[in-house]
Structures are given as C-alpha cells and as structure tokens.
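Student: I've got a structure open on my screen and I'd like to learn how to read it. Can we go through it bit by bit?

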Amino acid sequence: MRIFITYILVFCTIFLSGCIGQPSSSELNDNGITLNIGYFSEQQFENRYSSLLAIEYPHLNYNVIPTNELITGKQSIQEWAANNSVDLIYLPPDYLQSFKNNGLLKELDSYIQKTSFPLGSYVPSIVELMKQYGDGQLYGLAPTFYGRALAYNPHIFDQYGAEYPGDQMTWEEIIELTRQFPKGLSLSYPTAAHFLINVGQTQNLQAYSEDTNRITLNSPSWTKLLELVQEPLRDGHIEFHDLNNNLFITGEYAMSVITYDELTLLEQQDSTLEWKLVTMPTHPSEPDSSHHYALDGMWAIPSTSTESDAAWELIQFFMSDQVAKWSYRSVHGFSSLTAYTFMGQSNTNIEAFYKLKPTNSASFVPNSIYDLLNRAVEQILTGEMTSEQALAVIANAEISLEDD
C-alpha cells in the first residue's frame, strides 16, 4: 500500500495541475533563490514532495541535504549543524527539541503572526503537541501525525449483550470488559511487555529510572496491573497479532487497539465488518489527556538560514490543504489540518484518534527490561510464580543499554 501511494504522488502531475491551479507568483519562483533543505534523504524528499513542488513552484531551485547521519547518531547535533548549512529542515520531534535547546532554530510565532498563518485550522491537540516540543512556543510545524484509538465491533457486543465501550474509559474498565467475550481484545503490540509498559505509562507508572539506572517494576501498582491482565491473557480474552493478521479485522475479536496503519486497512477492507471508534483508555485523574500521539517530523527554520522568509513560505506550502489533500492517508500519517483528517472515505468518525489533549508521559525503557518483563509474564501465566514474586526477581537484574 505504501509503495502504491508513493507512485500515485509521482505520476499524478497532470491531474494535480488542473486541481491546484497556476504556479505561485511568489519569490520562490525567482531563479535567483536556491534553498537548502534538510531531510532524511534526497530520495525520500523527492518521493514525498517533488511532484507537488514541480506544479506549485516550477522554477524553484533547491538542494536536499541528507540528515541521515544526524538521525542515526553518527554525528552530534552540533557537528551536523556546523558542517551543513540549510534554510529549512525536517526533524523528528526529539531532535527538534535538542536543536531548539542548543539555540539552533528560529521561533515561528513571529512568522505566524506576520503572515496570518491559519493555526486555528489545525487539530488543536497536535498544535499543543508541537508547542510542547518548543517549551510553549512553536519552533516547528508538523504536517502529519500518528495516533491510536480503540475500535470495537457493535455486532459482537450485541451478540453477547455487552455495553459498548465509551471515550475516556480506564484500562481497568476495558480489561474487565474483555472478560465478557471468548475473544475480547486484539492488540498489535510486539509483546505482552510492550502492552503492559504502555498501560503503565497511562497510569503514570515507570518501569525504569534513568537517574538511578534501576528497574522500578517492583511495586504494588505494577503487581496490581499484572494481576489484572493475568487471567485475560491466559484464557485468550486478550491476544496479540501482527499488522498483517489483525484479528479484529477478520471479525474474530470484539475490540482492538488500532494504529494509523490499521485504520487504513479497516477503511479499505471490503467485508461487511462493522466497527466504531472510541478514545484510548485514560488515567482517571487525567481523563482528558493521552500519550498516544506521535509526529512523523516537524518543519523548522535554522537560526543560520539566509533565506528564512522563503523557507517560511515553503513551510506554509508543506502545511497547506493542497499538500494535505494529495497525501491523504499516506505513510506519513493523518494530516494536521482538521479538514483533512477525514475526507469521507471512512464509515465512522475518527475524532477518537486526536480529541484528547497530548501529554508526554512516555519515558525511556531499555530493551533488556522488555525481555525481563516478558519472561516474568510467562512465569506468571504458567503458575510458576505470582506477579509479586516475578517482579521481585527481576527488580535487581542487571540492565544492558548496548542495544538501545
């Protein structure tokens, strides 16, 4: 599907020209301007934007400066910035935050005010998330985002006489609900440990302390969580699947946590499967907040840019409805423009993916802890240990950070 969407963008130039209109009369069509653009790779940038730029800015001169050595950690932020001069750059959120903290980015609020940029047209929760990475200010704009939601099959709920799930339920309520079905909840998390740590983050529980480099799973709260999921996992009320074998889409399970990619599969499936969406479970003390948001990247202007006005104009284009319309349901996620999150191709309201406020409660967890927790889950499910005993055993385990 991803390859198909890429080819659509590359080969629809003639069609796009009739829909977007005449080329812009801006300074970006002035042959005297050349923009240096930081992006993951030249090929990835061309796949995403070349056809659209050829129509909107046919005379634009630009060079793509790969950021792959920066993103893969082969160069530090300071090294990369010193060796590469760019006028605008696309950065993963954590890198954008580091660039900002090192004084390497221009704030965008002044550009937004000067050009009356329609910030109110964008999904409020995603705008708030952009600001969080700038410590309250906008240093970057994200054209797309990812999210998670809880999907359910009304037909199966009716069959078992169960009450439909709703927005802002707790994980405890959802897990208890799975017990009403032989096959209750299907999950695409890689392992049980990934699921448990994600649930723990919703409940403000930490699995690891970076300050002390110690596992923090040995607590009454974590013990309670493992005891809560023990029976549903053992009896098959909760099951894990991969993206190519979604047990909810096949109609087997009553509920599923679905990602953006799985939503596109649901929208494209031709069966008579009925499905509706509600928000991901929340913490009872923070029912309006969710940590299930992710940004593909954010467009920013380096503080050393010599063509900042032209760079801002191009960022506005990347954030525009023209680009949003023709990259609908691309590999890069939902459009941040509210009007283009949903374009009538879905049979249900997808607001559940983005209606809650963003909260950044996720914390670093070494891969070795996932391995230890999965082993503990196996011991608990086989009756070899209780939840409390299993967590106590791994509490003092040695943590390896080599593969992280």
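Student: Let's start with Ser 308. Which helix is it in?

Tutor: Happy to, and keep in mind that this is a predicted model. To place Ser 308, look for the helix that spans residues 308-318. That helix, the home of Ser 308, is α14.

Student: Is Ser 308 buried or exposed?

Tutor: Use the cut-off here: a residue counts as buried under 20% relative accessible area. Ser 308 has a relative accessibility of 14%, so it counts as buried.

Student: Which residues does Ser 308 touch, leaving out those up to four places away in sequence?

Tutor: Contact here means heavy atoms within 4.5 Å. With residues up to four places away left out, the partners of Ser 308 are Lys 106, Tyr 111 and Ile 301.

Student: And how far apart in space are Ser 308 and Leu 35, C-alpha to C-alpha?

Tutor: Along the sequence, 273 residues separate Ser 308 and Leu 35. In space, their C-alpha to C-alpha distance is 9.5 Å.

Student: Now the whole protein. What share of contacts between residues at least 6 apart in sequence join residues at least 24 apart?

Tutor: The protein has 404 residues, and 52% of them are buried. It contains 17 helices and 15 strands. Among contacts between residues at least 6 apart, the share that joins residues at least 24 apart is 78%.

Student: Which helix gives the most residues to the largest nonpolar core?

Tutor: That core has 76 residues, and Leu 277, Trp 299 and Leu 314 have the most contacts inside it. The top contributor gives seven residues to this core, and that helix is α14.

Student: How many residues are in the other core, the one with Phe 157 and Leu 187?

Tutor: This core lies apart from the largest one. Among its members you'll also find Leu 228 and Val 229. Its residue count is 49.

Student: What about empty space inside? Which residues are closest to the centre of the largest cavity?

Tutor: There are five cavities of 30 Å³ or more, by the rule used here, and the largest holds about 110 Å³ of space. Its lining has 15 residues, with eight nonpolar, six polar and one charged. Helices α3 and α15 each supply at least two of the lining residues. Closest to the centre are Pro 143, Thr 144, Phe 318, Val 323 and Ser 327.

Student: Which elements give two or more residues to the lining of the second largest cavity?

Tutor: This cavity has about 80 Å³ of space and twelve lining residues, with Thr 202, His 283, Glu 286, Ser 289 and Thr 359 closest to its centre. By class, the lining has one nonpolar, ten polar and one charged residues. The elements that give two or more residues are α11 and β11.

Student: Thr 202 came up there. What is its relative accessible area?

Tutor: Thr 202 lies in helix α11. Its contacts, with residues up to four places away left out, include Trp 171, His 283 and His 292. Thr 202 is buried, and its relative accessible area is 6%.

Student: Why do the buried residues of α17 sit on the same side of that helix?

Tutor: The buried ones are Ser 387, Ala 390, Leu 391 and Ile 394. An α-helix has 3.6 residues a turn, so residues three or four places apart point the same way. The face turned away from the buried side of α17 carries the exposed residues Glu 388 and Val 393. The buried residues are on the same side of α17 because the arc they cover around the axis is only 95 degrees.

Student: Which elements are among those covering the buried residues of α17?

Tutor: Look for parts in contact with that buried side. The cover of the buried residues of α17 includes β7, α12 and α16.

Student: Last one: is Arg 329 buried or exposed?

Tutor: Arg 329 lies in the loop between α15 and β14. Its phi is near 60 degrees, a positive value in a residue other than glycine. With a relative accessible area of 8%, Arg 329 is buried.

Key
Residues are numbered from 1 along each chain as its sequence is written. This is a predicted model: local features need pLDDT of at least 70, side-chain atom pairs count only at pLDDT 80 or more; totals for chains, interfaces and linings use all residues. Side-chain values use heavy atoms; hydrogens and water are left out. Helices (H or I, at least four residues) and strands (E, at least two) are DSSP runs, numbered from the N terminus. Buried means under 20% relative accessible area, exposed over 50%, partly exposed in between (1.4 Å probe, protein chains only). A nonpolar core is a set of buried Ala, Val, Leu, Ile, Met, Phe, Trp, Tyr and Cys residues joined through side-chain atoms within 4.5 Å. On a 1 Å grid over the protein atoms alone, a cavity is a set of points where a 1.4 Å probe fits but cannot get out, and a pocket is an open set with protein on both sides within 12 Å along at least five of seven lines; lining residues have an atom within 4 Å of a point. Grid points are joined across faces, edges and corners, and a volume is the space filled by probe spheres set on the points. Ala, Val, Leu, Ile, Met, Phe, Trp, Tyr, Cys and Pro count as nonpolar, Asp, Glu, Lys and Arg as charged, and the others, Gly among them, as polar. The arc is that of the directions from the helix axis to the C-beta atoms.
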